[in-house]
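Thank you all for making the time this morning. I would like to take you through one chain, beginning with a single turn and then working outwards to the rest of the fold.

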Amino acid sequence: MIRPEEVFKIGHISRTHGVKGEVEIQFTDDPFDRGELDYLVFEMDGIMVPFFFSEYRYKGGHNALFTFEDIDSEEKARRLVGISVYYPKAEAARIAQEAAEEGEEMDLSSLRALTGYRVFAIDEEESSEDELATYDLGEITHVDDSSMNTLITVVDDEDEERLLPLHTDFIVEIDPAERTLLLDIPLELLEIN
């Protein structure tokens, strides 16, 4: 059984394609393309269910068309529209570890890949020379990279939304294995929200 804490959301099924059961998935991240798994995880009635795919092809920058096993008609595919799509954290960590060992840096060509990352900020007042103190801002739920100024929406544990600018000067560390982002962001920007 796949538990919700073992996966992270990478997109949703946006529509059907054709009459043979193909579906279009709109992605925030596409680790399946770098991984070795032949399945994606769908959330169906609160249960995480693996769906094995036989083939896929990209359609634009953030969409791909998938053919899944046992989904062989438009009617079956239509039942999947709107379903959230997830990927196992363990496989994403393995991909990140392998890339780090080969000296590759994380591909930030699509900042939308940061959706689902946990954001931490440096706490200057509590930090010392020997120890860096941080506090948890929440999870990135949306990345707006449609303009020159990228903004991230971060939701904390009390469901409070905070809109933050994401600039390379603020990024201290990105850990794809742990799916965390450490920022050194001015306190004034945190207080605006």
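Before I come to the turn, one definition is needed, namely that two strands are said to pair if DSSP finds at least two bridges between them. With that in hand, and bearing in mind that what you see is a predicted model, let us look at β1 and β2, which form a hairpin with four residues between them. In that turn sits Gly 18, whose phi is positive, at about 80°.

The two arms of this hairpin, β1 at residues 7–17 and β2, run antiparallel and are joined by six bridges. As one example of the register, Gly 11 stands opposite Phe 27 in β2.

How much of strand β2 is buried? Five of the six residues in this strand, which covers residues 22–27, are buried, so β2 is largely enclosed by the rest of the structure. β2 also pairs with β5, again in the antiparallel sense, this time over four bridges, and there Gln 26 stands opposite Asn 63 in β5.

Going on from β5, which spans residues 63–68, we reach β4, residues 47–58, and these two strands run antiparallel with five bridges joining them. Here Tyr 58 has Ala 64 in β5 as its bridge partner.

These pairings belong to a closed barrel of six strands, which runs in the order β1-β2-β5-β4-β3-β6 with antiparallel pairing. From one strand to the next in this barrel, the twist averages 50°.

Stepping back to the chain, we find three helices and twelve strands, and a C-alpha trace that spans about 60 × 35 × 35 Å along its principal axes. Of the 193 residues, 38% are buried, and the chain exposes about 11,500 Å², with carbon and sulfur atoms supplying 46% of that area. If we take contacts between residues at least 6 apart in sequence, 56% of them join residues at least 24 apart. On charge, there are 16 positive and 48 negative side chains, and the centres of the two sets lie 14 Å apart.

Let me finish with three individual residues, starting with Glu 6, which is found in the segment before β1. Is Glu 6 buried or exposed? Its relative accessibility is 31%, and because buried means under 20% and exposed means over 50%, Glu 6 counts as partly exposed. Leaving aside residues up to four places away in sequence, Glu 6 touches Met 1, Tyr 87, Pro 88, Lys 89 and Ala 90. Pro 88 lies 82 residues from Glu 6 along the chain, yet their C-alpha atoms are separated by 5.8 Å.

The second residue is Tyr 135, in strand β8, residues 134–144, which is likewise partly exposed, with a relative accessible area of 28%. Beyond its sequence neighbours up to four places away, Tyr 135 touches a set of residues that includes Val 119, Phe 120, Leu 187 and Leu 190. The C-alpha atoms of Tyr 135 and Val 119, 16 residues apart along the chain, are separated by 8.6 Å.

The third is Thr 153, found in strand β9, residues 151–155, and this residue is buried, with a relative accessible area of 10%. Which residues does Thr 153 touch, not counting those up to four places away in sequence? They are Glu 139, Ile 140, Thr 141 and His 142, together with Glu 161, Arg 162 and Leu 163.

Methods. Residues are numbered from 1 along each chain as its sequence is written. This is a predicted model: local features need pLDDT of at least 70, side-chain atom pairs count only at pLDDT 80 or more; totals for chains, interfaces and linings use all residues. Side-chain values use heavy atoms; hydrogens and water are left out. Buried means under 20% relative accessible area, exposed over 50%, partly exposed in between (1.4 Å probe, protein chains only). Contact means heavy atoms within 4.5 Å. Accessible areas come from the Shrake-Rupley method with a 1.4 Å probe; for residues, only the protein chains shown count as cover. Lys and Arg count as positive and Asp and Glu as negative; His and the chain ends are not counted. The place of a charge is taken as NZ of Lys, CZ of Arg, CG of Asp or CD of Glu. Axes are lines fitted to C-alpha atoms, for helices over the stretch in contact, and angles run from 0 to 180 degrees between N-to-C directions.
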